[in-house]
Amino acid sequence: MRSHTAEPSLAPPGSSAPEPPHHKPGFGHGHPATAGGRALQRLADHVNTRALVLLRATVGIVFLGFGLLKLFPSASPAEQLAVDAATKMTLGLVPETVLLLSLAALETAIGIGLIAGGRLLRPTLVAFFLHMGGVFSTLLLLPDAMWQPHSPAPTMEGQYVVKNVVLVAVCLVVAADAWGSGSRSSRRPDRTDRTTSD
């Protein structure tokens with residue numbers, strides 16, 4: 001006696017396999033979850049389209065605030081640290097008051113340039129990275145203030161300097177977009193010329 005087993009039917013060649021039934025989003029979960037998911041999606045899309053503006057504006061606000069603080073005596077907790085490092089860089093040839101005002105003007109200008117963007121962005125980014133080079137040099141110029149004795153751990157002042165790697169990473173992303181878009185736009189005429197000449 002032969003047993004018959006039902007074999008699954010195969011779709012004919014060239015035809016796509018039947019798709020599984022789609023479940024409506026939020027079905028069985030209530031409307032609040034669906035509304036919340038849509039709100040989060042809109043927020044994510046909004047942030048995604050303005051991510052670069054958000055990044056450079058926030059760093060710009062930080063620099064603008066720190067720069068303005070240095071215009072007022074003893075208002076910035078990093079004032080003496082910055083002056084001591086700058087004094088070593090300039091071999092003590094520049095008065096401390098001039099150094100502090102110069103740092104205040106530089107950081108304020110960087111903050112304004114990052115917030116404003118446009119044509120100010122590229123020179124501002126150059127000034128930012130040069131300034132960051134000076135900031136990180138304090139780890140070597142002022143080892144007693146930057147590092148705990150007999151330990152590789154940074155002091156509070158050292159942590160204040162090291163955390164700037166976050167700002168550097170942000171401005172690297174902004175710079176990659178600024179210089180990348182410029183190089184792409186500069187290459188477009190060459191491509192069109194080649195296509196038209198061919």
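A charge sits over a ring if NZ of Lys or CZ of Arg is within 6 Å of the ring centre and within 35 degrees of the ring normal. Lys 163 meets this rule: its charged end sits over the ring of Tyr 160, 4.7 Å from the ring centre.

This is a predicted model, in which local features need pLDDT of at least 70, side-chain atom pairs count only at pLDDT 80 or more, and totals for chains, interfaces and linings use all residues. Residues are numbered from 1 along each chain as its sequence is written, and side-chain values use heavy atoms, with hydrogens and water left out.

**Overall layout**

The chain has 8 helices and 0 strands. Helices (H or I, at least four residues) and strands (E, at least two) are DSSP runs, numbered from the N terminus. Along the sequence the pattern reads α-α-α-α-α-α-α-α. Of the 198 residues, 26% count as buried. Here buried means under 20% relative accessible area, exposed means over 50%, and partly exposed lies in between (1.4 Å probe, protein chains only). A contact means heavy atoms within 4.5 Å. Among contacts with a separation of 6 or more, 65% join residues 24 or more positions apart.

**Aromatic pairs**

Rings of Phe, Tyr and Trp (its six-membered ring) pair if their centres lie within 6.5 Å; planes under 30 degrees apart count as stacked, over 60 as edge-to-face and the rest as tilted. The count by this rule is 3 aromatic pairs. One of them joins Phe 63 and Phe 128, whose ring centres are 5.5 Å apart with planes at 65°, so this pair is edge-to-face. The pair links distant parts of the chain: Phe 63 is in helix 2 and Phe 128 in helix 5 (residues 121-141), 65 residues apart. Phe 63 is buried, at 4% relative accessible area. Phe 128 is buried too, at 0%. Ring pairs link Phe 63, Phe 128 and Phe 129 into a cluster.

**Around Glu 107**

Which residues does Glu 107 touch, not counting residues up to four places away in sequence? They are Phe 63, Leu 64, Phe 66, Gly 67, Lys 70 and His 131. Glu 107 belongs to helix 4 (residues 96-116). Glu 107 is buried, with a relative accessible area of 8%. Val 62 lies in helix 2. The C-alpha atoms of Val 62 and Glu 107 are separated by 9.2 Å, with their positions 45 residues apart along the chain. Val 62 is partly exposed, at 30%.

**Helix 3 and its neighbours**

Ser 76 comes just ahead, in the loop between helix 2 (51-69) and helix 3 (79-89). Ser 76 is buried, at 8% relative accessible area. Its contacts, not counting residues up to four places away in sequence, are Leu 69 and Lys 70.

The buried residues of helix 3 are Glu 79, Leu 81, Ala 82, Val 83, Ala 85 and Ala 86. They pack against helix 4, helix 5, helix 6 (143-146) and helix 7 (156-162).

How do helix 3 and helix 5 cross? Their axes come within 10 Å and cross at roughly 85°. That makes helix 3 roughly perpendicular to helix 5. Axes are lines fitted to C-alpha atoms, for helices over the stretch in contact, and angles run from 0 to 180 degrees between N-to-C directions. Angles under 35 degrees count as roughly parallel, over 145 as roughly antiparallel, 65 to 115 as roughly perpendicular and the rest as oblique. Helix 3 contributes Ala 85, Lys 88 and Met 89 to the contact, and helix 5 contributes Gly 134, Ser 137, Thr 138 and Leu 141.

**Exposed positions**

Most residues other than glycine have a negative phi. Leu 91, just after helix 3, takes a positive phi of about 60°. For His 150, phi is also positive, near 60°. Val 166 is a further exposed residue. The C-alpha atoms of Val 166 and Val 59, 107 residues apart along the chain, are separated by 9.8 Å.

| Residue | Place | Relative accessible area |
|---|---|---|
| Leu 91 | loop between helix 3 and helix 4 | 71%, exposed |
| His 150 | loop between helix 6 and helix 7 | 86%, exposed |
| Val 166 | helix 8 (residues 164-197) | 51%, exposed |
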